[in-house]
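Student: I'd like a close look at one part of this protein, the packing of its interior. Could you walk me through it?

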Amino acid sequence: MVLTDTHTHLYYETDAAKRAEMMQRCLQNGVERLFLPNVDVASVPLMSDLITAYPDNCYAMLGLHPCSVKETWEEELAVIQPALHRHPVYAIGEIGIDLYWDKTFINEQIQAFKLQIKWAKTLNLPIVIHCRDAFDEVYQVLQEEKDDNLRGIFHCFSGTTEQALKITGLGFYLGIGGVVTYKNAGLDKVVADIDLKHIVLETDSPYLTPVPYRGKPNESAYLIYVAQKVADIKNLFIEEVAEVTTRNSRAVFGI
């Protein structure tokens, strides 16, 4: 059984021994493929170090997180862009719009989002979207940018079935993580309505830890609990969920 964590910030653990233990727990749970999005300039070398240490398991994504979009966003992107050519990159992300904490830079977030979508199209890469309290704004950008080259993952999806169908209708996959295990989140009902062919799995570690470890730091090894919950919802064996979602991840990332 091979599980794919399509979104993890495992590189935040910089202690080599602890990181090795986390990677070992991943492999013990069948989580053999980890896709790592940076969030800003400072996280690029952290991500690169982890990929260098575990080249058979860890894969790079690059972008500027919407919460990192401030007055100097263009300067940040000018620093991040050259890193796209230093080693293989499999997606532009995570990028998008986040209006949960602050709406001050909404226009800049939209501009940065569109520019990075342009990067993805130029490089024939998928995008990995961060969206929080901004579904309508993100969907409008996707509608404006829609063409045969626009594809990717709607990371940390936690919306309604109607929203899910809008996203899958654009050809995007839904990134399902620990929230699906939360009793009152309602995401289990949405997952029940969506065909598994539209779903990939993720942890977003160290955030959004699934039950039974909710309240503690998340790690990619815990993806097995997300997979088991999806299997329970779909009345499938976990091995089938692993097979289909990993196949979906190969389709979107090309590896």
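Student: Which residues of the largest nonpolar core touch the most other members?

Tutor: Happy to take you through it; please keep in mind that this is a predicted model. The largest nonpolar core has 74 residues, and those that touch the most other members are F113, I127, I129, L142, F154, I176 and L201. Take F113 as a starting point. Apart from its neighbours within four places in sequence, F113 is in contact with I95, G96, I97, I127, I129, V138, V141 and L142. There is also a second, separate core of 11 residues, with M61, A91, V200 and V252 among them.

For the setting of these cores, the protein chain has nine helices and eight strands, and 53% of its 255 residues count as buried. A compact globule with 255 residues would have a radius of gyration near 18 Å, and the 17 Å of the protein chain agrees with that. Along the principal axes, the C-alpha atoms fill a box of roughly 45 × 45 × 35 Å. If you take the contacts in the protein chain with a separation of 6 or more, 74% of them are between residues 24 or more positions apart.

Helix α3, residues 73-80, gives a neat view of how one element sits against its surroundings. Its buried residues are W73, L77 and I80. Viewed down the axis of α3, these buried residues fall within an arc of 60 degrees, so they line one face of the helix. The general background is that an α-helix has 3.6 residues a turn, so residues three or four places apart point the same way. On the face of α3 turned away from the buried side you will find the exposed residues E74 and E75. The cover over the buried residues of α3 includes α2 (43-53), β3 (58-62) and α4 (106-123).

The loop between β3 and α3 is where H65 is placed. With a relative accessible area of 10%, H65 is buried. Leaving aside neighbours within four places in sequence, H65 is in contact with V39, E94 and H130.

Now to the aromatic rings. A search of the whole structure finds 11 aromatic pairs. In one of these pairs, the ring centres of F35 and Y59 are 4.9 Å apart with the planes at 25 degrees, so the pair is stacked. This pair links distant parts of the chain, as F35 belongs to strand β2 (residues 31-37) and Y59 to strand β3, 24 residues apart. F35 is buried at a relative accessible area of 0%, and Y59 also counts as buried, at 11% relative accessibility. Ring pairs join F35 and Y59 with Y90 and F253 in a cluster.

Another stacked pair is formed by Y213 and Y222, at 4.3 Å centre to centre and with 5 degrees between the planes. Here Y213 is partly exposed, with a relative accessible area of 27%, while Y222 is buried, with a relative accessible area of 14%.

Finally, have a look at two arginines that lie over ring faces. R132 lies over the face of Y100, at 3.5 Å from the ring centre, and R214 lies over the face of Y182, at 3.6 Å from the ring centre.

Conventions. Residues are numbered from 1 along each chain as its sequence is written. This is a predicted model: local features need pLDDT of at least 70, side-chain atom pairs count only at pLDDT 80 or more; totals for chains, interfaces and linings use all residues. Side-chain values use heavy atoms; hydrogens and water are left out. A nonpolar core is a set of buried Ala, Val, Leu, Ile, Met, Phe, Trp, Tyr and Cys residues joined through side-chain atoms within 4.5 Å. Buried means under 20% relative accessible area, exposed over 50%, partly exposed in between (1.4 Å probe, protein chains only). Contact means heavy atoms within 4.5 Å. Helices (H or I, at least four residues) and strands (E, at least two) are DSSP runs, numbered from the N terminus. The arc is that of the directions from the helix axis to the C-beta atoms. Rings of Phe, Tyr and Trp (its six-membered ring) pair if their centres lie within 6.5 Å; planes under 30 degrees apart count as stacked, over 60 as edge-to-face and the rest as tilted. A charge sits over a ring if NZ of Lys or CZ of Arg is within 6 Å of the ring centre and within 35 degrees of the ring normal. The radius of gyration is taken over C-alpha atoms; the globule rule is 2.2 Å times the number of residues to the power 0.38.
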